[in-house]
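I am opening a fresh page for this structure and noting what I look up as I go. Come along and check each entry against the view.

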Amino acid sequence: QAPAAQAPTGQAPVGPVPAGFMPQAFTAISEFTWWLLGQAPCGRPPCTSIVRTDDGGRSFVGIPAPRTSAVRHLRFADASDGYAFGTQLWTTHDQGRTWTAVDLGGEVTDLEPGLGYVYATVTDGSGARLMRSPLSHDAWTTVLSSTRGIFGIWVHGNDVVTDLATPTGNDLALSTDAGAAFVERPAPAAVACDFQLQLPQVIWAPCSTGTGASVWRSAGGGAGFSPVAGAVNARGPQFPNSMVFAAAGADVAVMGAQTLFYTGDGGRSLQISAAPMAERWLALGFTDATHGVAIGQFSIGRATVTRLYYTVDSGHSYHYVPIG
């Protein structure tokens with residue numbers, strides 16, 4: 001972890017990027033301000049580390065991280081309120097100065113902030129729950145539950161969309177009132193989908209099929225999905241279950257496992273993005289319609305490393321960003 005430096009009350013102390021830091025997860029609140037969660041060699045495990053940039057990746061500083069190895073993902077809703085999650089949930093409400101473990105009774109499989117609230121999907125031995133808390137403090141309540149499963153979540157303002165397992169398959173569950181009520185619509189035939197809402201009526205659906213993954217798109221708010229074209233078969237292009245996906249807009253998205261593919265026409269065609277081939281791409285994300293990041297795993301000699309790449313053209317191309 002980064003050594004602490006003095007900071008005004010309420011602000012996270014900063015220090016240098018930990019030597020050997022390797023990113024695993026990404027979160028952003030603007031084109032310029034983002035955080036990376038990862039690991040760095042340390043003398044006193046756990047070695048979970050967080051770095052932050054306020055200039056779009058030109059420079060980074062280390063900030064305090066939760067003292068646990070049980071978190072794999074990171075979200076910040078704003079400069080103050082952040083969430084590190086996995087088999088445990090840790091929250092900060094003072095810009096990362098302090099982190100607190102919060103027990104939601106299960107593993108947090110996904111988490112996304114919205115307008116005034118943060119939402120989390122939680123699994124336990126009896127099923128799954130979609131829970132909600134105010135951003136400014138931890139007061140979690142259940143807004144949706146299922147004995148069969150609730151999968152990925154996407155939030156924009158008061159709109160919340162998730163994948164709800166049903167006795168016959170799975171449904172898209174959509175709320176437009178911050179989780180107060182949900183309507184259900186049929187989802188693509190898959191084991192689970194991770195919906196991404198773009199504009200009021202466009203929903204992307206990267207889905208696991210059990211033996212692989214595919215991407216679907218609805219232009220009618222979930223009233224019917226079509227597979228992304230450029231198909232290798234009638235169901236659309238097939239990827240391994242390790243596929244990552246991120247939408248930059250209603251017509252623009254990037255997807256892939258080792259090679260990244262770009263679409264700018266709503267999935268009617270795919271082209272190879274100008275990014276290196278990775279052993280595996282771990283994460284994709286966009287800060288706005290043109291800027292975004294990709295975290296990939298690579299073999300360098302005998303070592304396996306993770307590296308950060310950045311796009312300024314909606315995923316057409318990516319360039320390497322050194323962190324330390």
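**Entry: who lines the second pocket**

I started with the lining of the second largest pocket and sorted its residues by type: nine are nonpolar, three polar and one charged. I should say at once that I am working with a predicted model.

How big is the volume of this second largest pocket? I read off about 150 Å³. The lining has 13 residues, and those closest to the centre of the pocket are Phe 21, Thr 306, Tyr 320, Ile 323 and Gly 324.

Next I asked which strand gives the most to this lining. It is β28, with three residues. At least two residues each come from β1 (22-28), β28 (303-311) and β29 (319-321).

**Entry: a look between β28 and β29**

Since I was already there, I looked at the loop between β28 and β29, where I found Ser 314. Its phi is near 65 degrees, which is a positive value in a residue other than glycine. Is Ser 314 buried or exposed? I noted it as buried, because its relative accessible area is 12%, below the 20% cut-off.

**Entry: another positive phi**

I then turned to Gln 95, in the loop between β7 (89-92) and β8 (100-102). Here too phi is positive in a residue other than glycine, with a value near 70 degrees. Gln 95 has a relative accessible area of 23%, so I put it down as partly exposed.

**Entry: a cis bond between prolines**

Which residues does a cis peptide bond join? I found Pro 45 and Pro 46, with omega at about 5 degrees. Pro 46 sits in the loop between β2 (34-39) and β3 (48-53).

**Entry: salt bridges**

My next page is about charges. Side chains of opposite charge can pair when their charged atoms come close. How many salt bridges does the count come to? I wrote down six.

I looked up Arg 52 and Asp 54, whose side chains meet in a salt bridge at 3.1 Å, N to O. Arg 52 counts as buried because its relative accessibility is 17%. Asp 54 has 46%, so it counts as partly exposed.

Then I went to Arg 129 and Asp 124, another salt bridge, at 3.0 Å from N to O. Arg 129 is buried at 18% relative accessibility, while Asp 124 is partly exposed with 30%.

My next stop was the salt bridge between the side chains of Arg 217 and Asp 251, at 3.1 Å, N to O. Why does this pair tie together separate parts of the sequence? Arg 217 belongs to strand β20 (residues 213-218) and Asp 251 to the loop between β22 (244-247) and β23 (253-256), so the parts joined are 34 residues apart in sequence. I also checked exposure: Arg 217 is buried, with a relative accessible area of 16%, and Asp 251 is partly exposed, with 35%.

Last, I looked for a network. Which residues are linked in one made of salt bridges? I found Arg 75, Asp 110 and Glu 112.

**Entry: to revisit**

For my next look, I am marking two places. One is Ser 314, buried in its loop, and the other is the bridge from Arg 217 to Asp 251.

Terms used: Residues are numbered from 1 along each chain as its sequence is written. This is a predicted model: local features need pLDDT of at least 70, side-chain atom pairs count only at pLDDT 80 or more; totals for chains, interfaces and linings use all residues. Side-chain values use heavy atoms; hydrogens and water are left out. A salt bridge is a side-chain nitrogen of Lys or Arg within 4 Å of a carboxyl oxygen of Asp or Glu. Buried means under 20% relative accessible area, exposed over 50%, partly exposed in between (1.4 Å probe, protein chains only). Helices (H or I, at least four residues) and strands (E, at least two) are DSSP runs, numbered from the N terminus. On a 1 Å grid over the protein atoms alone, a cavity is a set of points where a 1.4 Å probe fits but cannot get out, and a pocket is an open set with protein on both sides within 12 Å along at least five of seven lines; lining residues have an atom within 4 Å of a point. Grid points are joined across faces, edges and corners, and a volume is the space filled by probe spheres set on the points. Ala, Val, Leu, Ile, Met, Phe, Trp, Tyr, Cys and Pro count as nonpolar, Asp, Glu, Lys and Arg as charged, and the others, Gly among them, as polar.
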